[in-house]
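Q: Could you walk me through how the labels for this model are earned?

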Amino acid sequence: MTARAAPAPLPPATTVGVLGWLRKNLFSSRGSGIVTVLLAVLLGWVVVNLGIWVLVEADWTVIISRAPLYIVGLYPYEGYSRLAICLLLISVLLGMSWRAWPGPARRFAFAFGAVMLFVGVFPHEMAPEHRALLLLNLPFIGLGYVLTPRPAAANPGRLEAIAGGALAPALERIAIFSTPRRMVIAAFVALVLIMILILGIAGVPGLDPVNPADLGGLMINLLLAFFGIVCSLPIGIGLALGRRSNLPILRVACVIFIEVIRGVPLITLLFMSRHILPLTFPEELNIDRVYLAGITITIFSSAYMAENVRGGMAAVQAGQTEAAQALGLRGWQTTLLITLPQGLRNIIPAIVGQFISLFKDTSLVYFIGMLDLVEMGRVSVQGNQEFIDNGREVYLFIALVFWVFCFSMSFISRRIEGALGVGRR
Amino acid sequence: MAESNGVQSAVEIPADKAEILARPLEERDDIVVCENVHKWFDDFCAVRDVSMRVKRGEVVVIFGPSGSGKSTFIRMINRLEEHQQGRIVIDGIEMTNDVRNLDAIRREVGMVFQQFNLFPHITVLGNITLAPQRVRHLPRSEAEALAMRLLERVGIPEQAQKYPAELSGGQQQRVAIARALAMQPQIMLFDEPTSALDPEMIKEVLDAMRELAATGMTMLCVTHEMGFAREVADRMAFFDEGALVELGPPDQIFNNPQEDRTKMFLDQIL
Ligand SMILES: Nc1ncnc2c1ncn2[C@@H]1O[C@H](COP(=O)(O)OP(=O)(O)OP(=O)(O)O)[C@@H](O)[C@H]1O
Ligand SMILES: [Mg+2]
């Protein structure tokens, strides 16, 4: 402990300025230099032309004047505040995940808050109470945040450092989302409330039932994809376990189900749900097409989920099962406590990927006459002389909306992957 | 029993067993009996005609060249591999396809693997308490108290709340030992427990095993740590090409091997 160790040598500089980077990555040889220049010219040409069109020539009034249709379809205006309350519930959940899972969820909560702020103050036609409800999302994200205790491993956030120790006991007392189980229950309760708020209940004042056929726009794409994924997870797990089971009948039944569903396009399933399935049940049982679409999408998604789960479980090392057996765990205990949880952790990225493609697939419900975002866009253009020339604007807007959702999903998925250490052990 | 001593209370040797352990080795009962055991993988005979009796409290070190069937043999003792011919009796329980026998045997036999095989998705404490809660139906508080005593015994009580990936290899292997001991087995199987470890961690695991042997645990260890074998083993078993070639006390194996193959192998590795 006498002589201090010499300072550790610094690593060599990784880049030698902008020019060095350019030379290394874009102009490493004559061939790659030519490719770089050609691509740059092409890209510049596209960007400039598109930019001129977007900023100068395009007429975006269609988007602004039809925004409610694109977002919530034909949902009755009187119910808009109910939808806004749904957003508040989502805000609480986002705040909760931000606290519990600071890395991946924080940016998502930020982005959600930013969108709410933007729409809330954007100068367009909107009732003041709706604006107020949208802006209320920001404090509600904070509410979800403070109702959740800081994860034991995390450092105190900047907020807490400022609030100091004085507030800490009070914060601890109100932290009701204190265990993973409570968080799951909170999420579940929120989902049920959201369904009730959207669809309404007969006889309850302020919750007048909404005709399911009026659900549309982006809302129906999101609802179908989300409930499709959530409901297909348990079904998919059941199918995957069935496929691994020792009972031949069960195994064969699961395999047939999975392979049949995976072997046909979603659009044919939707068609069958609308036009063939009703032949098999009594006429007075008139299920609305929204529910038919939801059930069909769930079934469709379940088959893929089953294969994901099976793959995830197969990737769990044999040593895990052996260790469980050696400890005397029964086969089903080994599956439920060891293989399944690890398998599910392995497939979180795959589930997000499946959600993304399911979300895009929900645009197929136009086929059974539903007005989802894409179909609403088509109708708003073709059904209206005023906007008949604005197809480009509308479809570009729709593409952008889908892209923003899908991209943020895959962004989160990568962050979660990192946080969970999927791929490393 | 000696309540004051954490080590003793974690092992909980019942009075009748303690009485047996007080006797010299020759006068104890056979806790593992293997008679003419065979095992094939397809047409390949991985274990051929192995007969071995292990006394209660005895430490047997198994060694031999790679592929000689050591792992296969040791894994048959808790039925991770099924023997196809011959007879295996563990503490009086016949190894059959009967689920009840199998459950009883797996309660008697703990196992430690080369790759640790800790459950990565639960904490160290959870790894140790899982089987006692689910298989022995101990209440959670009791299982956790037991787990903490075992972690103290292997020297890492402060790691209880961590996940396995946050531990060094040597620490993970000691958790694996604690996890197996939490089922309070009569017999412990070790399959090359130090082969996946860096040299500086081997000692800490061998020390834990040494201590375990001193409490009178019956142990079957596949290992090439010859220093450990010389010091701790009561007998050593040399396997080659699926057969048990030689079985004897370390003194005989090291100084006066009866079989040429044993001598040749030892000359190679020592
Ligand atoms: N599941 C299996 N399927 C087919 N062959 C196997 C299987 N497990 C082991 N074997 C073969 O049985 C023989 C004995 O294997 P075993 O793992 O018991 O050897 P070992 O003595 O433990 O070797 P090592 O020192 O390398 O661990 C080997 O030739 C191996 O290839
Ligand atoms: Mg082996």
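A: Sure, starting with a term: a polar contact is a pair of N or O atoms within 3.5 Å; within protein, one must be able to donate a hydrogen and the other to accept it, and residues adjacent in sequence count only if both atoms are side-chain atoms. This is a predicted model, where local features need pLDDT of at least 70, side-chain atom pairs count only at pLDDT 80 or more, and totals for chains, interfaces and linings use all residues. Residues are numbered from 1 along each chain as its sequence is written.

Q: What makes B:Gly69 a polar contact of ligand 1?
A: A polar backbone atom of B:Gly69 sits 3.1 Å from a ligand 1 oxygen, and the limit is 3.5 Å. B:Thr72 uses a polar side-chain atom, 2.5 Å from an oxygen of ligand 1. For B:Glu192, a side-chain N or O atom is 3.2 Å from a ligand oxygen.

Q: Which class does each residue in the shell around ligand 1 fall into?
A: The shell has 4 nonpolar, 6 polar and 2 charged residues. Ala, Val, Leu, Ile, Met, Phe, Trp, Tyr, Cys and Pro count as nonpolar, Asp, Glu, Lys and Arg as charged, and the others, Gly among them, as polar. The largest share of the shell, 3 residues, comes from α3(B); helices are DSSP runs of H or I, at least four residues, and strands runs of E, at least two, numbered from the N terminus.

Q: Why are α6(A) and α7(A) called roughly parallel?
A: Their angle is about 30°, and angles under 35 degrees count as roughly parallel, over 145 as roughly antiparallel, 65 to 115 as roughly perpendicular and the rest as oblique. So roughly parallel is the label for this pair.

Key. Chains lettered and ligands numbered in written order. Heavy atoms only, no water. Axes fitted to C-alpha atoms, helices over the stretch in contact; angles between N-to-C directions.
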